[in-house]
Amino acid sequence: MLRWTWLAAVILGLPLLAKVPLQPVRLTNTDHVEFAPGGTIKVSGSMGQLDVEGWDRAEVEITVAKSTYRGGTPKERDEATQELNLVRVVAERKSAGELVISTSYPSRKLTRLFRGKTDLNLEYHIKVPRDSHVVIRHDDGDVRLYDLTGEIDATSRAGDIVLLLPASGQYSIDAKCKVGGVYSDFDGNHRNQYLVGERFNEATPAPGSRVFLRVGMGGIQILKMAPGVRQPYPQPTP
């Protein structure tokens, strides 16, 4: 009888043994690199949320927020901080007119964990001279590009690309989704491919800026910016 009484007490007490809610661990860092307008800026190996914004300064500002969730003990939070520090975002000047911003991971294991098997998250907010030639090679996650007037070449394996362009500009646009759709505020031609993908083209006589966008699985939106509208994407908070 005592055994069954003890077992019942254990079962009834199970809700009291529920796990303590996980707590966020977040690291945010901002770097500045002097960089003249009109150069080439390449972003490679990025994952998560990537925002690139044009501005009038002759420099590049790179803000990266890395976050995860862990238990509330000091040991667990220290371990989470060490894990976040293993992911490094480095800006390397290849020449006076070329800057490469790359994300490196310590092992393939951590990269695989990032792809939907952990709560590790990366957020990038990069400000560049407005007329830069921007080249992006993104993995998983959304890409948002705002107020850029130079050439754009952006690809993403999975996720959405949202591009906001000054309405008064002239652009030669080539946008394609293998699985997903393309929407554009600018006039052009839409073509469906294999029933699951779509391609959009707008050919503008020179000197229109070239815009080349590719998404494996996801969508593309090309929107016109209203005059005087401020940057719509908030910068990551510490």
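**Entry 1: a term to fix, and Glu59**

I count a residue as buried when its relative accessible area is under 20% and as exposed when it is over 50%, with partly exposed in between. I keep in mind that the model I am reading is a predicted one. My first lookup was Glu59, which has its place in strand S4, residues 59-70. Is Glu59 buried or exposed? Its relative accessibility is 18%, and because the limit for buried is 20%, Glu59 counts as buried. I then listed what Glu59 touches, leaving out residues up to four places away in sequence, and found His32, Val33, Glu34 and Phe35 together with Lys127, Val128 and Pro129.

**Entry 2: the open sheet**

I followed the strands across and wrote down an open sheet of eight, in the order S1-S4-S7-S3-S9-S11-S17-S13, with mixed pairing. At the edges I noted strand S1 (23-34) and strand S13 (182-184), each of which pairs on one side only. From one strand to the next, the twist averages 10°.

I looked up some of the pairings inside this sheet. Strand S3 (residues 49-55) runs parallel to strand S7 (residues 121-129), and seven bridges join them; here I found Leu50 opposite Tyr124 in S7. S3 also runs parallel to strand S9 (residues 143-146), this time with four bridges, and Val52 has Leu145 in S9 as its bridge partner. From S9 I moved on to strand S11 (residues 161-166), where the pairing is again described as parallel and covers four bridges, with Arg144 standing opposite Val162 in S11. I also reminded myself that in a regular strand the side chains alternate between the two faces of the sheet.

**Entry 3: strand S8**

I turned next to strand S8, residues 133-140, and asked how many of its eight residues are buried. I found that six of the eight are, so S8 is largely enclosed by the rest of the structure. Strand S2 (residues 40-46) runs parallel to S8 and is joined to it by six bridges, and in S8 the bridge partner of Ser46 is His138. S8 also pairs in the parallel sense with strand S10 (residues 152-158), over six bridges, and there I noted Val135 opposite Asp153 in S10.

**Entry 4: Ile126 and the nonpolar cores**

I picked out Ile126, which lies in strand S7, and read a relative accessible area of 0%, so I entered Ile126 as buried. Which residues is Ile126 in contact with, once its neighbours within four places in sequence are left aside? My list has Val43, Leu50, Asp51, Val52, Glu53, Val60, Glu61, Ile62 and Ile101. I also looked up how far Ile126 is from Thr30: the two are 96 residues apart in sequence, and their C-alpha atoms are 9.4 Å apart in space.

The largest nonpolar core holds 44 residues, and those that touch the most other members are Val60, Ile126, Ile136, Leu145, Leu213, Ile220 and Ile222. Apart from this core lies another, of five residues, among them Tyr146, Val162, Leu223 and Met225. For Ile222 I recorded contacts that, beyond four places away in sequence, include Leu163, Leu165, Ile173, Ala175, Tyr183, Phe186, Phe200 and Leu213.

**Entry 5: salt bridges**

A search of the whole structure gave me 15 salt bridges, and I followed three of them.

The side chains of Asp56 and Arg130 meet in a salt bridge, at 2.2 Å from N to O. This pair links distant parts of the chain, since Asp56 sits in the loop between S3 and S4 and Arg130 in the loop between S7 and S8, 74 residues apart. Asp56 is exposed, with a relative accessible area of 69%, whereas Arg130, at 23% relative accessibility, counts as partly exposed. I also saw that Asp56, Arg130 and Asp147 are linked in a network of salt bridges.

Glu92 forms a salt bridge with Lys94, and the closest N and O atoms are 3.4 Å apart. I entered Glu92 as partly exposed at a relative accessible area of 41%, and Lys94 as partly exposed at 48%.

My last pair was Asp174 and Arg199, whose side chains meet in a salt bridge at 2.8 Å, N to O. Asp174 lies in strand S12 (residues 171-179) and Arg199 in strand S15 (residues 197-202), so this salt bridge ties together parts that are 25 residues apart in sequence. With a relative accessible area of 16%, Asp174 is buried.

Terms used. Residues numbered from 1 in each chain as written. Predicted model: local features only at pLDDT ≥ 70, side-chain atom pairs only at ≥ 80, totals over all residues. Heavy atoms only, no water. Buried < 20%, exposed > 50% of the residue type's maximum accessible area, 1.4 Å probe, protein only. Helix = DSSP H or I, 4+ residues; strand = E, 2+ residues; numbered from the N terminus. Pairing = 2+ DSSP bridges. Axes fitted to C-alpha atoms, helices over the stretch in contact; angles between N-to-C directions. Contact = heavy atoms within 4.5 Å. Core = buried A, V, L, I, M, F, W, Y, C linked by side-chain atoms within 4.5 Å. Salt bridge = Lys/Arg side-chain N within 4 Å of Asp/Glu carboxyl O.
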